[in-house]
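This report describes one protein chain for a reader who is new to structural work. Please keep the sequence and the structure in view while reading.

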Amino acid sequence: RHIAVTAKKKKAGYRTGQKITVGFRASRDCYLTLLNIGTSGKLTVLFPNSMHPENFIQANREYHIPDAGDDFEYELQGPPGVEKLKAIVTLKKVTLLESNFAADGSVFRTVDPVAGARDIGVIQKKVAGVPPTEWAEDACEFSVS
């Protein structure tokens with residue numbers, strides 16, 4: 001596997017309003033797009049983001065959202081359900097989604113479920129054009145009550 005994605009927690013389970021840290025690491029230098037599909041169905045691009053607009057990550061380095069120097073917290077929103085984190089990496093720079101990070105002043109780009117489904121379709125088409133040996137994906141799911 002080229003990448004591992006985890007949601008760091010100190011106790012079992014998550015609840016709406018809880019602040020979490022998302023960690024990720026890749027075994028090779030690569031370009032990462034990290035998505036969150038929330039319990040509401042909204043798609044949020046966690047990485048790259050307005051504070052880290054370049055999506056290049058170094059091999060075997062642990063990254064966190066938020067990182068120690070970041071000026072924000074990542075808080076789980078409702079409703080209760082299952083959240084999914086999906087990481088897609090490519091060895092060469094491929095822009096999987098256009099970014100409008102600062103359009104509303106937020107750190108992350110979030111879109112409603114209909115636009116999110118369209119964006120996932122765009123990603124799938126772009127990844128289909130990359131040789132299978134030059135990209136990888138990973139995901140994790142967790143419950144929010």
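How many helices and strands make up the secondary structure of the chain? In this predicted model, the chain has one helix and 10 strands. Their order along the sequence is β-β-β-β-β-β-β-β-β-α-β, with the helix standing between two strands near the end of that pattern.

**Overall packing**

The chain has 145 residues, and 40% of them count as buried. Among the contacts in the chain with a separation of 6 or more, 74% are made by residues 24 or more positions apart. The chain exposes about 7,900 Å², and 51% of this area is supplied by carbon and sulfur atoms.

Two pairs of residues illustrate how positions separated in sequence are placed in space. G41 lies in the loop between β3 (30-37) and β4. Its partner in the first pair is V111, which is 70 residues away in sequence and 9.2 Å away in space, C-alpha to C-alpha. G41 counts as partly exposed because its relative accessibility is 29%, a value between the limits of 20% and 50%.

The second pair involves the helix. Q124 belongs to helix α1 (residues 113-128). The C-alpha atoms of Q124 and L96 are 8.6 Å apart, while the two residues are 28 positions apart in sequence. Q124 is exposed, as its relative accessible area is 54%.

**The largest pocket**

Rolling a probe the size of a water molecule over the atoms shows where empty space is left. In this model, the largest pocket contains about 340 Å³ of space. Of the 19 residues that line this pocket, T44, Y74, E75, Q77 and T110 are the closest to its centre. Which classes of residue form the lining of the largest pocket? The lining has five nonpolar, nine polar and five charged residues.

**Backbone geometry**

Most residues other than glycine have a negative phi, and most peptide bonds are trans. Three places in the chain may be examined with this in mind.

A cis peptide bond joins F47 and P48, with omega at about 5°. P48 is located in the loop between β4 (43-47) and β5 (56-57). Another cis peptide bond joins I65 and P66, where omega is about -5°. P66 is located in the loop between β6 (63-65) and β7 (74-75).

The third place is N60, in the loop between β5 and β6. N60 is not a glycine, yet its phi is positive, at about 60°. Is N60 buried or exposed? N60 counts as exposed because its relative accessibility is 55%, and the exposed class begins over 50%.

**Cysteines**

How many disulfides does the structure hold? The structure holds zero disulfides. The burial of two cysteines can nevertheless be described. C30 is buried, since its relative accessible area is 2%. C140 also counts as buried because its relative accessible area is 16%, and the buried class covers values under 20%.

**Summary of accessibility**

The table below collects the accessibility of the residues discussed above.

| Residue | Relative accessible area | Class |
|---|---|---|
| C30 | 2% | buried |
| C140 | 16% | buried |
| G41 | 29% | partly exposed |
| Q124 | 54% | exposed |
| N60 | 55% | exposed |

Notes
Residues are numbered from 1 along each chain as its sequence is written. This is a predicted model: local features need pLDDT of at least 70, side-chain atom pairs count only at pLDDT 80 or more; totals for chains, interfaces and linings use all residues. Side-chain values use heavy atoms; hydrogens and water are left out. Helices (H or I, at least four residues) and strands (E, at least two) are DSSP runs, numbered from the N terminus. Buried means under 20% relative accessible area, exposed over 50%, partly exposed in between (1.4 Å probe, protein chains only). Contact means heavy atoms within 4.5 Å. Accessible areas come from the Shrake-Rupley method with a 1.4 Å probe; for residues, only the protein chains shown count as cover. On a 1 Å grid over the protein atoms alone, a cavity is a set of points where a 1.4 Å probe fits but cannot get out, and a pocket is an open set with protein on both sides within 12 Å along at least five of seven lines; lining residues have an atom within 4 Å of a point. Grid points are joined across faces, edges and corners, and a volume is the space filled by probe spheres set on the points. Ala, Val, Leu, Ile, Met, Phe, Trp, Tyr, Cys and Pro count as nonpolar, Asp, Glu, Lys and Arg as charged, and the others, Gly among them, as polar. A disulfide is a pair of cysteine sulfur atoms within 2.5 Å.
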